[in-house]
Amino acid sequence: AEISYKNLDSGTYLYEVNVTLFRDCGFGDTEFDEEIYLFVFSSRNNEVVEILPISLSSILPLPIQDWFQCSFQVFTICIEKGQYIAEISLPPIEGGYTLGWARCCRNEAVTNLVEPENLGVTVLAHVPNPLEVGVNSSPQFGELPPLFLCLGEEFIFDHSATDPEGDELVYRVSEPLHSVNVAGMGALPDVDNPVVDPERPMGGPPYQRVLFEMGYNYQDPFGDESFFIDPATGIM
């Protein structure tokens, strides 16, 4: 998942916010939620400023791929992209805002995390105070990574982004977040209530980290010290 935003009117500080989710439609049976809640926090004190309900805008299947070139067998991979789009006014405040969304749970097919089906996901984006840095829109990535890699083959991918204001971009891999914060607020591992809402609030930063299996970590997700990203170019 990812959260991006675009400034629409610097006079009223109106923004279009886009929450993009990806789901495994081949093995997973969890559909996109018809409505999600975007939590808006003050970045200065992590208190809730607004809770914005957003309806599902579209579902788009990603181009169908098979891994014949890896295994010489045709096995189709199915990934869908869901988008939630809304407009929100974010007037200037000290420190700006943190946009957040959380959900339980991760795909149980994941092998480098401990009990992934009991781990949720938190996604964040920061909107700076326009009185401090000027009106800002978030960077946009150029291409999505491929849906699979072939084992034992070299892989190089341009994961760079462009910034509407021409800001300098620096790239790093961040630590994945669980769907609850350090106080235990958020989407707990509960299949009946997987989504945070005003009755079961998300809770502000900081958030718990996911737990990796031995031999793996977020900077070495394949466990063989083969993964890195260039901070200046975004090349993985």
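Strands here are DSSP runs of E with at least two residues, numbered from the N terminus. Keep in mind that the model is predicted. With that, let's work through some exercises.

**Exercise 1. Two positive phi values**

Task: Where do asparagine 46 and glutamate 115 lie, and is each buried, partly exposed or exposed?

Solution.
- Step 1: Begin with the backbone. Asparagine 46 has a phi near 65°, which is positive although the residue is not glycine.
- Step 2: Place asparagine 46 between its neighbouring strands, and you land in the loop joining S3 and S4.
- Step 3: Its relative accessible area is 29%, so asparagine 46 is partly exposed; the class runs between the cut-offs of 20% and 50%.
- Step 4: Repeat for glutamate 115, another residue other than glycine with positive phi, here near 50°. Glutamate 115 sits in the loop between S8 and S9.
- Step 5: At 47% relative accessible area, glutamate 115 is partly exposed because the value is under the 50% needed for exposed.

**Exercise 2. Cis peptide bonds**

Task: Which residue does a cis peptide bond join to cysteine 104, and which to proline 205?

Solution.
- Step 1: Check omega after cysteine 104. The value is about 10°, and the cis bond leads to cysteine 105.
- Step 2: Locate cysteine 105: it belongs to the loop between S8 and S9.
- Step 3: Go on to proline 205, whose bond to proline 206 is cis with omega near 0°.
- Step 4: Proline 206 is found in the loop that runs between strand S12 (177–181) and strand S13 (207–209).

**Exercise 3. Sorting aromatic pairs**

Task: How many aromatic pairs does a search of the whole structure find, and how are the planes set in the pair of phenylalanine 68 and phenylalanine 72?

Solution.
- Step 1: The search of the whole structure returns 6 aromatic pairs.
- Step 2: Take phenylalanine 39 and phenylalanine 41 as one of them. Their ring centres are 6.2 Å apart and the planes meet at 20°, so this pair is stacked; the cut-off for stacking is under 30 degrees.
- Step 3: Both phenylalanine 39 and phenylalanine 41 are buried.
- Step 4: Now turn to phenylalanine 68 and phenylalanine 72. With 6.0 Å from centre to centre and 85° between planes, this pair is edge-to-face.
- Step 5: Add the accessibility of each partner. Phenylalanine 68, at 41%, counts as partly exposed, whereas phenylalanine 72, at 63%, counts as exposed.
- Step 6: One further ring has a charge over it: arginine 23 lies over the face of phenylalanine 32, 5.9 Å from the ring centre. The distance cut-off for such a contact is 6 Å.

**Exercise 4. The nonpolar core and a residue in it**

Task: How many residues does the largest nonpolar core have, and which strand gives the most to this core?

Solution.
- Step 1: The largest nonpolar core holds 24 residues, and Ile3, Val19 and Leu99 have the most contacts inside it.
- Step 2: Strands S1 (2–9), S2 (14–24), S3 (35–42), S4 (48–61), S7 (79–89), S8 (97–103) and S9 (121–127) each contribute at least two residues to this core.
- Step 3: S2 gives the most, with 4 residues.
- Step 4: Follow isoleucine 3, a residue of strand S1. Its relative accessibility is 10%, so isoleucine 3 counts as buried.
- Step 5: Isoleucine 3 and tryptophan 101 are 98 residues apart in sequence, yet their C-alpha atoms are 8.4 Å apart in space.
- Background: nonpolar side chains tend to be buried together in soluble globular proteins.

**Exercise 5. Separation in sequence and in space**

Task: How many residues separate glycine 186 from proline 201 in sequence, and glutamine 65 from threonine 76?

Solution.
- Step 1: Glycine 186 and proline 201 are 15 residues apart in sequence, with 6.0 Å from C-alpha to C-alpha.
- Step 2: Glycine 186 is in the loop between S12 and S13 and, at 9% relative accessibility, counts as buried.
- Step 3: Glutamine 65 and threonine 76 are 11 residues apart along the chain, and their C-alpha atoms are separated by 6.0 Å.
- Step 4: Glutamine 65 belongs to strand S5 (residues 65–66) and is partly exposed at 30%.

**Exercise 6. A pocket**

Task: How many residues line the second largest pocket, and how do they divide by class?

Solution.
- Step 1: The second largest pocket has about 440 Å³ of space.
- Step 2: Its lining has 15 residues, with Leu149, Glu153, Phe155, Phe222 and Ser226 nearest the centre.
- Step 3: By class, the lining divides into 10 nonpolar, 2 polar and 3 charged residues.

Notes. Residues are numbered from 1 along each chain as its sequence is written. This is a predicted model: local features need pLDDT of at least 70, side-chain atom pairs count only at pLDDT 80 or more; totals for chains, interfaces and linings use all residues. Side-chain values use heavy atoms; hydrogens and water are left out. Rings of Phe, Tyr and Trp (its six-membered ring) pair if their centres lie within 6.5 Å; planes under 30 degrees apart count as stacked, over 60 as edge-to-face and the rest as tilted. Buried means under 20% relative accessible area, exposed over 50%, partly exposed in between (1.4 Å probe, protein chains only). A charge sits over a ring if NZ of Lys or CZ of Arg is within 6 Å of the ring centre and within 35 degrees of the ring normal. On a 1 Å grid over the protein atoms alone, a cavity is a set of points where a 1.4 Å probe fits but cannot get out, and a pocket is an open set with protein on both sides within 12 Å along at least five of seven lines; lining residues have an atom within 4 Å of a point. Grid points are joined across faces, edges and corners, and a volume is the space filled by probe spheres set on the points. Ala, Val, Leu, Ile, Met, Phe, Trp, Tyr, Cys and Pro count as nonpolar, Asp, Glu, Lys and Arg as charged, and the others, Gly among them, as polar. A nonpolar core is a set of buried Ala, Val, Leu, Ile, Met, Phe, Trp, Tyr and Cys residues joined through side-chain atoms within 4.5 Å.
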